[in-house]
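Work through the exercises below with the sequence and the model at hand. Each task is followed by a solution in steps.

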Amino acid sequence: MLTGNDWDEILREEINSDYFKQLQQFLAREYAQYTIYPSMVNIYNALRLTPYANVKAVILGQDPYHGPGQAHGLSFSVQKGVAIPPSLQNIYKEMADDIGFVNPGHGCLTEWAEQGVLLLNTVLTVRAGQAGSHRGKGWEQFTDAIIRKLNERETPIVFMLWGANARQKKPLIDNPAHLVLTAAHPSPLSAYNGFFGCRHFSQATRFLNQYGMNIDWQLARCPG
């Protein structure tokens, strides 16, 4: 059991596949020899916090933060008390311009996940200090399967694909019920190349509202 919810049955074929078993063997070696993020218990947090039946939106990033204390299994999110990373600072800036978002003073996006925002990366683990170090090991096949399963949903979903790795998933989403939004990655290296001004959050809100759905993007502020 990866998630304890409907994803376990939906992804059963993937979980039982040879490639996934090989991926688990690779991860066992990596966690034994290196510092890997997020911690093993947090790898599948995005799926745990956002069951398949609850997904309203998907925010797809690249791979987890590779600095200490940052990644906790949700794309772009860090736990309260951890400094807000530059990519998330840029997301907050875009949201402020787009929907009047007020920076809550923390970078924990769990509230979004609990409302139906699947905060997924294309690759779910990374070696400390080595961005992209777990690419090509099987995660992409697993996250492709997640996107395909979501594409099958009749209930509309908004997909926000940020960065080249995320945009590669776009061909998997061909169901006209869904809205697919693409932009540059929000990192400082690329945010000015099309992330700032993308207005994804207002577009997502308008789309979901048409179908009687809503996400409150504003996050509870830290006390003080």
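Contact here means heavy atoms within 4.5 Å. The model is predicted.

**Exercise 1. Which residues does Ser202 touch, not counting residues up to four places away in sequence, and is Ser202 buried or exposed?**

Step 1. Locate the residue: Ser202 belongs to helix 9.

Step 2. List the contacts: with residues up to four places away in sequence left out, Ser202 touches Asp98 and Ile99.

Step 3. Look at the side chains: those of Ser202 and Asp98 are joined by a polar contact of 2.6 Å.

Step 4. Classify the exposure. Buried means under 20% relative accessible area; Ser202 has 13% and is therefore buried.

**Exercise 2. Determine the strand order of the open sheet and its pairing.**

Step 1. Begin with strand 2 (residues 57–61), which runs parallel to strand 3 and is joined to it by five bridges. Within this pair, Ile59 has Leu119 of strand 3 as its bridge partner.

Step 2. Strand 2 also pairs with strand 5 (residues 158–162), in the parallel sense and over four bridges. Here Val58 stands opposite Phe159 of strand 5.

Step 3. Put the strands together: the open sheet has four strands in the order 3-2-5-6, with parallel pairing. Strand 3 and strand 6 (179–183) are at the edges with a single partner strand each, so one side of each has no neighbour in the sheet. From one strand to the next, the twist averages 15°.

**Exercise 3. Which strands does helix 7 touch, and which does helix 9 lie across?**

Step 1. Helix 7 (residues 139–151) packs on the sheet and touches strand 2, strand 3 and strand 5. The direction of helix 7 makes about 155° with that of strand 3.

Step 2. Helix 9 (residues 200–210) lies across strand 2, strand 5 and strand 6, and runs at about 165° to strand 5.

**Exercise 4. Why is strand 3 described as largely enclosed by the rest of the structure?**

Step 1. Recall the pattern: in a regular strand, side chains alternate between the two faces of the sheet.

Step 2. Check each face of strand 3. Val117, Leu119 and Asn121 on one side are buried, as are Leu118 and Leu120 on the other.

Step 3. Conclude: five of the five residues of strand 3 (residues 117–121) are buried, so the strand is largely enclosed by the rest of the structure.

**Exercise 5. Where is Gly129 placed, and is Gly129 buried or exposed?**

Step 1. Gly129 sits in the loop between strand 4 (126–127) and helix 7.

Step 2. Exposed means over 50% relative accessible area; the value for Gly129 is 54%, so Gly129 is exposed.

Conventions
Residues numbered from 1 in each chain as written. Predicted model: local features only at pLDDT ≥ 70, side-chain atom pairs only at ≥ 80, totals over all residues. Heavy atoms only, no water. Buried < 20%, exposed > 50% of the residue type's maximum accessible area, 1.4 Å probe, protein only. Helix = DSSP H or I, 4+ residues; strand = E, 2+ residues; numbered from the N terminus. Pairing = 2+ DSSP bridges. Axes fitted to C-alpha atoms, helices over the stretch in contact; angles between N-to-C directions. Polar contact = N/O pair within 3.5 Å; in protein donor to acceptor, adjacent residues only side chain to side chain.
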